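Good morning, colleagues. I should like to use these few minutes to discuss charged side-chain pairs; please have the display in view.

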Amino acid sequence: MDRLASLLATGGDARITIDESSDVNKYLASPFPRDTITYASTTANDISAKAYDYLSNHYAMQIAAGEISSAEYMALLEQLRDKLRVAYNLPADSKIVFAPSGTDLEFIALLSAIGADQSPVHNILLGADEVGSGCIFSAAGQYFADETALGVSTEKAQIVEGLPRITVSEIPVRNQQGQAHDSQWITEHLIARIDEALAEGKRPLVHIVHGSKTGLILPQLNDIDYLMQLYGDKITFVVDACQARITSKALQSYLDRDILVMMTGSKFMGGPPFNGFAICPAPLAEAITYMPSGFAQLFCRAEFPEYWPGRDILADRANLGLALRLAASLFELERFQSLHIDQVRNVIDGFQSMANHVISQIGGHRILSHAADEVSLPATYPVEMQTMVTFDLNASPGLLGDDQGRVDVITFQHASDIHLAMTRYDVRLGQPVRCRSCGDRGYNGTLRIALSMPQVSSLAQLPQIERDKKLSADGASIISAYKKALHSIEVLQEAK
C-alpha cells in the first residue's frame, strides 16, 4: 500500500486494521480503490478512485509528512464543518462533533442526555440487531474495544470514567417472522419504557432510527411529536441516521425539533470506514455542560467545536487518518448533493430493476423496509431508502438440497459463509442481517444490495443505455458469484 492508503487505515479502533494477506479490514473493505463489483454500502466501502485522487491532490503535503499539527487539525475540521453545513443547508449555529466511528457517536448521544445533576440515564435502543454491534457497549457508556482510536488501551465493557449510571433496554423493530413493527406499536412500547425509567428516577434517552440495516424509519414524526407533547423536557431524543440515507429535508425536520442526529460518512455516503459526526442543534448544545473525564481516552479536542464546555480536558492532538477519511466522505457528499433529484431517481429506478432480477434469479425474496400493514410499493418508500434492498435467501425449501442429508434452510451463518465466498469472485454485498427467526437454527440467511453516493454520482453521468448496460452486467456478476459461492457451501455441507 502507498502512504495515503496506509494513513486511511490509521486513527481508528482495531476494526480498521488491514490484514496484510488480503489488504482488507474486518468488513472486507480496502483503503484504496479496487476494480470489484461492490454494492456493500450498508456495511463498508472501498474508497472511490475519484475520492482517492482528490485526497492525493488536496492533501499532498500532509500525506507526505504523515502527520499534521493540532492547530492544522483544528483548522481542517473547521473547514469540514463548513462543508457539512453547506451540503445539508444546516443552520449556521448548528454544532458538529466528529468521531472515529458510528459506535463512538453513541457517547455523544449520552452526553446530550446528561444533565447538570448527572442523574442516571436509561438508554432505549430500537432494533439492536439493526444497528452496529459495538453500539450495545457504547450505548451503556462502556468501552467497546480493547483500544480506542487514540491508541489508548482499555478494557471492553468497562465503564467510561466520569459517566453517570447508565442502563439500556431494547425494543425490536421486527417480529419473529421478519415483519416490521409499525410506528404505533413502537410508540406504545417506548411509552412503557419511558414511564418505567421516569419512575426509577432515570432520564430516558430515546433512539429514533432513520435507516436501520434494512432501511426502517421508526417512529414516524407524528409519533415523535406526540411523545414530545406527552413528556416535554423529561426525555431526550437522538436520531441514529448512521447509514446516512437521509435527505436534507428529513435531517432538518429532526434538527427543528432540537434533536441530535448521528451520521457516518462510511455507509451510503461512500467514504472509507471509519468516520462519523453528530449534528447538534444550538439550543441542545447550549444545554450540555458536562464532559466526562474518560472522553479524553476517546476524542481529540478539535473534534468538538470551539467553546464546547469541557473540551479543554481532551488531548490537544491530531488524527490525520480520521481527517482524511472525513474529507473523502464529504467530497462524495458534495458530488451527490450537486445532482438533480431526477438524476438520482433515474439511477435508483435502474438499481431497483437490477436488484429485482438478482433476487428472482437466486431464489430469494425481499425483506420489506416498511411496516407489515403497509402495502406500498418500493417506489413509494422515502427516496433515500430506495438505495438499498434486503432479501431473504429462502424463497422456497430445499435450497441447499432436500433429502440428500444437507440443510433445508439457508441460515444466517450460511449467508455469512456465502457472503465471504462471493468476495473470491470480486463481488461484495452488504453483510447478512438477522430478520426472520428459523427456530433453534437461529435466523434465516439474508444479503443486502445497496448503492453508495459515489455509485449514484458515477451512474448519473452515463447515458441511459450505458447505465442500464452497466447495472445489468453488475447484476449478472452478482448472480454468478452467488451461485458459485452457494455451490462451495453445498460442497462443504456434503463433506460434513
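**Salt bridges in the model**

Let me begin with one pair: Arg15 and Asp13 are joined by a salt bridge between their side chains, at 2.8 Å from N to O. Please bear in mind that this is a predicted model. As to the surroundings of this pair, Arg15 has a relative accessible area of 14% and is buried. Its partner Asp13 is buried as well, at 6% relative accessibility. Both residues count as buried because the cut-off is under 20% relative accessible area.

I turn now to helix H4, which spans residues 70–88. Here Arg81 makes a salt bridge with Glu78, and the closest N and O atoms lie 2.8 Å apart. How far apart are Arg81 and Glu78 along the helix? They are three residues apart, which means a separation of about one helical turn. Arg81 is buried, with a relative accessible area of 1%, whereas Glu78 is partly exposed at 30%.

The next pair belongs to helix H11, residues 320–337. The side chains of Arg335 and Glu332 form a salt bridge, with 2.9 Å from N to O. These two residues are also three apart, about one turn of the helix. Are Arg335 and Glu332 buried or exposed? Both are buried.

Finally, I would draw attention to a network: salt bridges link Arg34, Asp46 and Arg428. Altogether, the structure contains eleven salt bridges, including the Arg15–Asp13 pair with which I began. Thank you for your attention.

Definitions and conventions. Residues are numbered from 1 along each chain as its sequence is written. This is a predicted model: local features need pLDDT of at least 70, side-chain atom pairs count only at pLDDT 80 or more; totals for chains, interfaces and linings use all residues. Side-chain values use heavy atoms; hydrogens and water are left out. A salt bridge is a side-chain nitrogen of Lys or Arg within 4 Å of a carboxyl oxygen of Asp or Glu. Buried means under 20% relative accessible area, exposed over 50%, partly exposed in between (1.4 Å probe, protein chains only). Helices (H or I, at least four residues) and strands (E, at least two) are DSSP runs, numbered from the N terminus.
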